[in-house]
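Please work through the exercises below with the sequence and the model side by side, trying each task before reading its solution.

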Amino acid sequence: MADTDVRSLAELLAANKGHAVALTGAGISTESGIPDFRSPGTGLWNRIDPMEYLSVDALYARPETFWKYFAEVFGPTLAAQPNAGHLALAKLEAAGFITGVITQNIDGLHQKAGSCTVYEVHGHLRTVHCQSCGRTYPMREALALLKKEPIPHCSECGGRVRPDVVLFGDMMPAAFSQAVAAVERSSLVLVVGSSLTVSPANSLAFQTPHLAIVNREPTPADGRADVVLSGGAGDTLSAVLRELNLA
Ligand code: NAD
């Protein structure tokens, strides 16, 4: 990460102050100990095919396998804490540089870091709901039930519950339309830690006049970006905060 690149990103944020939004992916949370999907070696995709296990098909056709895998992969995430990258985005929002964060992540770490406006376009891990009566339960309760039964059921009506995350094959939630509107109101999208390969969330990086990308690996949108910083989210965004005199 060259100083000139950090300065370029800081200048871009300053020029678009109040008209920028961040778009984050699993890469911003790897420094909190949560594996992403596609990093070489450590990404979950190296072990299993998330499309096969984290899909609507799997939830209905193989619910026991779905919940076993879901608890194994995402159970530890509930205790994760935000890192310097999440904290930097919260500071950029508080200082008026960005209006909020659009996140593909389900880990809730932007809210834990203090971000106020967060569009969770793939849902979140906080709750599950009953598919029969609609009652909502904390995710922790559903995961605790798995110690006694292979599929968690609603304690009110006995129906099956499902996580409030967007699985492969689900419709996009209302938060996605809100995210599209947030991008339309903005002149800059700052991508942090996303391979930009998951549709339709990745399309948001192609609908903006100005684009900045902070990611360890190249992305399909690098060619149209004003600035691309290849590095860790925590170090890079901390350097940008220093450049903006916010650290
Ligand atoms: P991805 O795994 O496809 O890509 C992550 C990208 O982040 C990679 O290109 C990698 O090079 C980069 N990266 C990894 N660590 C980084 C770091 N410290 N700093 C900067 N860049 C870093 O992730 P995606 O684009 O978000 O798409 C995968 C899907 O996986 C998303 O839909 C998301 O919902 C889901 N997911 C979420 C979590 C989570 O909530 N934390 C974890 C795993 C997967």
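The exercises that follow concern a predicted model, and they go from the ligand to the pockets, the cavity and the backbone.

**Exercise 1. The ligand and its surroundings**

Task: Determine which residues come nearest to the ligand, and which polar contacts can be listed for it.

Solution: Begin with the shell, in which 28 residues surround the ligand, and Glu31, Arg38, Gln104, Asp107 and Ser195 come nearest. Sorted by class, this shell holds eight nonpolar, 14 polar and six charged residues. Next, look for pairs of N or O atoms within 3.5 Å, which is the cut-off for a polar contact. A polar side-chain atom of serine 195 is 2.6 Å from an oxygen atom of the ligand, and a polar side-chain atom of asparagine 215 is 2.8 Å from an oxygen atom of the ligand. The backbone takes part as well, since a polar backbone atom of glycine 27 is found 3.4 Å from a nitrogen atom of the ligand. Finally, consider the cover: on its own the ligand has 860 Å² of accessible area, and the protein covers 97% of that area.

**Exercise 2. The largest pocket**

Task: Establish which pocket corresponds to the space taken by the ligand, and describe its lining.

Solution: The space taken by the ligand is the largest pocket, whose volume comes to about 890 Å³. Its lining is made up of 45 residues, and those nearest its centre are Ala26, Phe37, Arg38, Asn105 and Val198. Dividing the lining by class gives 20 nonpolar, 18 polar and seven charged residues.

**Exercise 3. The second largest pocket**

Task: Find which element gives the most residues to the lining of the second largest pocket.

Solution: The second largest pocket holds about 190 Å³ of space. Residues that line this pocket include Thr77, Leu78, Asp107, His124, Leu125, Arg126, Met139 and Arg140. Helix H6 (109-113), strand S4 (123-130) and helix H7 (139-145) are the elements that give two or more residues to this lining. Of the elements, S4 gives the most, with three residues. As for class, the lining of the second largest pocket divides into four nonpolar, four polar and four charged residues.

**Exercise 4. Enclosed space**

Task: State how many cavities of 30 Å³ or more the structure holds, and which residues line the largest cavity.

Solution: A probe the size of a water molecule, rolled over the atoms, shows where empty space is left. The structure holds one cavity of 30 Å³ or more, and the largest cavity has a volume of about 30 Å³. The residues that line the largest cavity are Ile34, Pro35, Leu44, Val73, Phe74 and Thr77. By class, this lining has five nonpolar residues, one polar residue and no charged residues.

**Exercise 5. Backbone geometry between two strands**

Task: Decide whether the peptide bond from serine 199 to proline 200 is cis or trans, and whether phi of leucine 196 is positive or negative.

Solution: As background, most peptide bonds are trans, and most residues other than glycine have a negative phi. The peptide bond from serine 199 to proline 200 has omega near 0° and is cis. Proline 200 has its place in the loop between strand S7 (188-192) and strand S8 (210-214). Leucine 196 is also found in the loop between S7 and S8, and its phi is near 55°, a positive value in a residue other than glycine.

Key:
Residues are numbered from 1 along each chain as its sequence is written. This is a predicted model: local features need pLDDT of at least 70, side-chain atom pairs count only at pLDDT 80 or more; totals for chains, interfaces and linings use all residues. Side-chain values use heavy atoms; hydrogens and water are left out. A residue is near a molecule or strand if one of its heavy atoms lies within 4 Å of it. A polar contact is a pair of N or O atoms within 3.5 Å; within protein, one must be able to donate a hydrogen and the other to accept it, and residues adjacent in sequence count only if both atoms are side-chain atoms. Accessible areas come from the Shrake-Rupley method with a 1.4 Å probe; for residues, only the protein chains shown count as cover. On a 1 Å grid over the protein atoms alone, a cavity is a set of points where a 1.4 Å probe fits but cannot get out, and a pocket is an open set with protein on both sides within 12 Å along at least five of seven lines; lining residues have an atom within 4 Å of a point. A molecule sits in a cavity or pocket if more than half of its atoms lie within 2 Å of its grid points. Ala, Val, Leu, Ile, Met, Phe, Trp, Tyr, Cys and Pro count as nonpolar, Asp, Glu, Lys and Arg as charged, and the others, Gly among them, as polar. Grid points are joined across faces, edges and corners, and a volume is the space filled by probe spheres set on the points. Helices (H or I, at least four residues) and strands (E, at least two) are DSSP runs, numbered from the N terminus.
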